[in-house]
Amino acid sequence: MSVHKAITLHAHKQNQEFTEFLVLDQKRESYIKEAVQLCKAEKEFSTDSINQVTMQINVLANERLIPTRKLVTPEMIRSYVGTLV
């Protein structure tokens, strides 16, 4: 395999992984917004879906130069909502 082909395949794989990261990060943000809205309305909420996506992001981050994300706790959501009031 030529060097050019190897570099092209490598770049393509990196691009796919970064695109996957962007999709997951948007999904994570959406779940966070949903949890914030539920918390503001004083309804039950969970951070399970947020953290499931976060773990997927962090698996990608271990393989490439993709930023990791912290797991989110219900207390973190409540604290953030408290700053909005």
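At 42% relative accessibility, T8 counts as partly exposed, a label for values between the buried range (under 20% relative accessible area) and the exposed one (over 50%), computed with a 1.4 Å probe on protein chains only. T8 lies in helix 1, and its C-alpha atom is separated by 47 Å from that of T83, 75 residues along the chain.

A quick word on what you're looking at. This is a predicted model, where local features need pLDDT of at least 70 and side-chain atom pairs count only at pLDDT 80 or more, while totals for chains, interfaces and linings use all residues. Residues are numbered from 1 along each chain as its sequence is written, and side-chain values use heavy atoms, with hydrogens and water left out.

**Helix 1 against helix 2**

Helices here are DSSP runs (H or I, at least four residues), numbered from the N terminus. Helix 1 and helix 2 (residues 48–63) pack at about 155 degrees, and their axes sit 9 Å apart. That makes helix 1 roughly antiparallel to helix 2, the word used for angles over 145 degrees. The axes are lines fitted to C-alpha atoms over the stretch in contact, and the angles run from 0 to 180 degrees between N-to-C directions. As for handedness, this crossing is left-handed, so the near helix is turned anticlockwise from the far one by less than a right angle.

Which residues of helix 1 and helix 2 meet? On the helix 1 side they include E17, F21, L24, K27, R28 and Y31, and on the helix 2 side they include S49, I50, V53, T54, I57 and L60. Contact means heavy atoms within 4.5 Å. By class, this interface has nine nonpolar, three polar and six charged residues. For that count, Ala, Val, Leu, Ile, Met, Phe, Trp, Tyr, Cys and Pro are nonpolar, Asp, Glu, Lys and Arg are charged, and the others, Gly among them, are polar.

**Two buried residues in that interface**

R28 is found in helix 1 and is buried, with a relative accessible area of 7%. Not counting residues up to four places away in sequence, R28 touches I50, V53, T54, I57, R69, K70 and V72. T54, in helix 2, has a relative accessible area of 0% and is buried. With the usual sequence neighbours (up to four places away) set aside, T54 touches R28, R69, K70 and L71. K27 is also in helix 1, but K27 counts as partly exposed at 38% relative accessibility.

**Helix 1 against helix 3**

The axes of helix 1 and helix 3 come within 10 Å and cross at roughly 65 degrees. That makes helix 1 roughly perpendicular to helix 3, a label covering 65 to 115 degrees. This crossing is right-handed, the clockwise case. I32, A35, V36, C39 and K40 in helix 1 meet I77, R78, Y80, V81 and L84 in helix 3. The class count for this contact is eight nonpolar, no polar and two charged residues. E75 lies in helix 3 too, and at 52% relative accessibility E75 counts as exposed.

**The nonpolar cores**

In soluble globular proteins, nonpolar side chains tend to be buried together. A nonpolar core here is a set of buried Ala, Val, Leu, Ile, Met, Phe, Trp, Tyr and Cys residues joined through side-chain atoms within 4.5 Å. The largest one has nine residues: I32, A35, V36, C39, F45, I50, V72, I77 and V81. Two or more of these residues come from each of helix 1 (3–40) and helix 3 (74–84), and helix 1 gives the most, with four. A second, separate core of seven residues includes L24, L60, A61 and I66. Back in the largest core, V72 is in contact with R28, T47, I50, N51 and I77, leaving aside neighbours within four places in sequence.

**Some C-alpha separations**

| Pair | Apart in sequence | C-alpha to C-alpha |
|---|---|---|
| K27 and I50 | 23 residues | 8.2 Å |
| E75 and T47 | 28 residues | 9.9 Å |
| T8 and T83 | 75 residues | 47 Å |

**One backbone oddity**

Which residue has a positive phi although it is not a glycine? It's E42, with a phi of about 60 degrees. Most residues other than glycine have a negative phi. E42 is found in the loop between helix 1 and helix 2, and E42 is exposed, with a relative accessible area of 74%.

Conventions. Parallel < 35°, antiparallel > 145°, perpendicular 65-115°, else oblique.
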